[in-house]
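Here are some exercises to work through with the model open in your viewer. Try each task before you read its solution.

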Amino acid sequence: MSSDFTRTRNKKRAENAFARRSGTERNKGPRKNVYNDGQAPAGSDNDPRSMFPLRTTLALLLCTGCVALAARPPVGIAYWDLDHFHDTLPALFYDDSDYTPEGRLRWTAERYARKVRCAAAVIDSMALPVVALWSVENEEVVRDIAATVEGDYSYLHRTLNSLDGMDFALLYHGDRFFPHYVEPGRRYLYVEGLLRRGEGLRDTVGLLLCSDARMAGGLIADLRDEHPGVRLIVAGRAAPADPAACGLRDGHARAERAGRGNIRARGGWRMRDRILADTAFRLRGGDVYLRRFLLDDATGYPSPTYDSRRYRSGCSYALPVFVYLE
């Protein structure tokens with residue numbers, strides 16, 4: 001087993017990641033001149049030159065505000081259930097014989113490599129600095145994904161105490177997130193660290209990844225008591241009855257009201273996975289991440305890796321979800 005924190009870096013990937021992030025910024029043209037010179041006589045009350053000191057002051061204040069906002073760009077965070085992403089080797093402590101080349105599902109090295117490439121392509125297309133993954137079997141799977149993405153991601157993985165062997169993992173840009181405390185548990189992973197939102201602006205955040213909605217409320221309450229002052233972000237199957245009572249905002253409430261969801265259930269879309277953000281953050285948007293190659297051509301539903309015993313070659317039956325925080 002390798003070290004807890006492994007960095008996969010090279011100059012080309014860093015340049016590609018920077019180019020993608022830079023490409024998302026809006027190119028602003030020159031500011032229009034709002035003054036209509038020559039329309040008022042010099043020295044009159046309407047002469048723009050007589051108002052120059054006041055207008056200069058206002059312009060300086062506006063520019064100062066623009067610089068402050070530019071120094072605090074929104075931070076994107078994504079969560080994705082990778083639908084039982086096993087390696088091809090039999091496990092020692094639980095039965096995953098179905099996910100072997102000779103097993104019931106014929107989980108071969110070729111099929112495994114295809115899913116690695118698919119997951120990496122989705123992560124690269126999102127181009128977000130923090131991506132949480134659920135349902136990966138072990139660190140080897142996470143390492144293969146991190147080695148395949150073009151983005152400059154570090155990764156964090158912990159083995160959880162679960163009967164099916166599924167774990168959480170975190171891919172993140174090492175210049176944006178600095179984890180310093182990790183707490184694994186049954187069906188959850190808590191990662192605390194510094195989140196860099198701009199030059200000189202860092203927040204201590206606690207990222208709670210949870211795969212059991214029944215546990216989410218209790219975990220949130222415990223973390224509020226044990227880590228006061230930490231800005232909490234909850235991702236996964238986490239839907240307390242009243243997020244506001246926990247000091248959280250649901251980043252996907254609006255998308256859910258509009259009929260969108262990240263899985264298909266009972267003939268419709270359901271928002272099973274979501275991201276809740278501390279009220280200290282300003283939500284700048286949240287939704288389901290959708291690309292055509294994630295959907296089955298025949299049904300229009302998310303394309304799973306397996307449908308019962310039938311191999312479908314998709315990434316997952318669940319679509320990623322994301323939010324932007326400021």
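A salt bridge here is a side-chain nitrogen of Lys or Arg within 4 Å of a carboxyl oxygen of Asp or Glu. Keep in mind that you're looking at a predicted model.

**Exercise 1. The salt bridges of R272**

Task: find the salt bridges that D273 and D81 form with R272, and work out whether R272 is buried or exposed.

Solution:
- Step 1. Begin with D273: its salt bridge with R272 has its closest N and O atoms 2.9 Å apart, inside the 4 Å limit.
- Step 2. Now check burial, where the cut-off is under 20% relative accessible area. D273 has 1%, so it is buried.
- Step 3. Zoom out from this pair: salt bridges with shared partners tie D81, R237, R272 and D273 into one network.
- Step 4. Go on to D81, which also forms a salt bridge with R272; here the closest N and O atoms are 2.8 Å apart. This pair links distant parts of the chain, with D81 in strand β2 (residues 75-85) and R272 in the loop between β12 (268-270) and β13 (274-278), 191 residues apart.
- Step 5. Finish the burial check. R272 has a relative accessible area of 10%, so it is buried, and D81, at 2%, counts as buried too.

For context, the structure holds 16 salt bridges.

**Exercise 2. A salt bridge with partly exposed partners**

Task: which residue does D98 meet in a salt bridge, and how do the two partners rate for accessibility?

Solution:
- Step 1. The partner is R104, and the N to O distance between the two side chains is 3.1 Å.
- Step 2. Partly exposed runs between the 20% and 50% cut-offs. D98 sits at 27% relative accessibility, so it is partly exposed.
- Step 3. R104 comes out at 39%, so it is partly exposed as well.

**Exercise 3. Two nonpolar cores**

Task: which residues touch the most other members of the largest nonpolar core, and which helix gives the core its largest share?

Solution:
- Step 1. This core has 65 residues, and the ones that touch the most other members are Y79, F85, I123, L133, I145, L170 and L171.
- Step 2. Its largest share, eight residues, comes from helix α3 (residues 109-126).
- Step 3. Take I123 as a case: setting aside neighbours within four places in sequence, it contacts V131, L133, I145, V149, Y153 and L171.
- Step 4. Another core lies apart from this one; it has 14 residues, among them Y188, L208, L219 and V234.

As background, nonpolar side chains tend to be buried together in soluble globular proteins.

**Exercise 4. Helix α5 and what covers it**

Task: which residues of α5 are buried, and which strands are among the elements that cover them?

Solution:
- Step 1. Get your bearings: α5 (residues 213-226) has 14 residues and reaches 20 Å from first to last C-alpha, close to the 20 Å expected at 1.5 Å a residue.
- Step 2. Look at the start of the helix, where a side-chain oxygen of D212 comes within 3.0 Å of the backbone nitrogen of R214.
- Step 3. Pick out A216, L219, I220 and L223, which are buried.
- Step 4. Their cover includes β7 (188-198), β8 (201-210), β9 (231-236) and β10 (248-250).

**Exercise 5. Following the strands**

Task: how does β9 pair with β8 and with β13?

Solution:
- Step 1. β8 and β9 pair in the parallel sense over six bridges, and L209 has A235 of β9 as its bridge partner.
- Step 2. β9 and β13 run antiparallel and are joined by four bridges; one of the partner pairs is G236 with R274.
- Step 3. β13 also pairs with β10, antiparallel over three bridges, and D250 has L276 as its bridge partner there.
- Step 4. Check the cover: five of the six residues of β9 are buried, and in β13 it's five of five.

**Exercise 6. The surroundings of Y306**

Task: which polar contacts does the side chain of Y306 make with L105 and R111?

Solution:
- Step 1. Locate Y306 in strand β15 (residues 306-307). Its relative accessible area is 11%, so it is buried.
- Step 2. Leaving out neighbours within four places in sequence, its contacts include Y99, W107 and R312.
- Step 3. A polar atom of the Y306 side chain lies 2.6 Å from the backbone oxygen of L105.
- Step 4. With R111, the polar contact is between side chains, at 3.3 Å.

Notes
Residues are numbered from 1 along each chain as its sequence is written. This is a predicted model: local features need pLDDT of at least 70, side-chain atom pairs count only at pLDDT 80 or more; totals for chains, interfaces and linings use all residues. Side-chain values use heavy atoms; hydrogens and water are left out. Buried means under 20% relative accessible area, exposed over 50%, partly exposed in between (1.4 Å probe, protein chains only). A nonpolar core is a set of buried Ala, Val, Leu, Ile, Met, Phe, Trp, Tyr and Cys residues joined through side-chain atoms within 4.5 Å. Contact means heavy atoms within 4.5 Å. The expected span of a helix is 1.5 Å times one less than its number of residues. A polar contact is a pair of N or O atoms within 3.5 Å; within protein, one must be able to donate a hydrogen and the other to accept it, and residues adjacent in sequence count only if both atoms are side-chain atoms. Two strands pair if DSSP finds at least two bridges between them.
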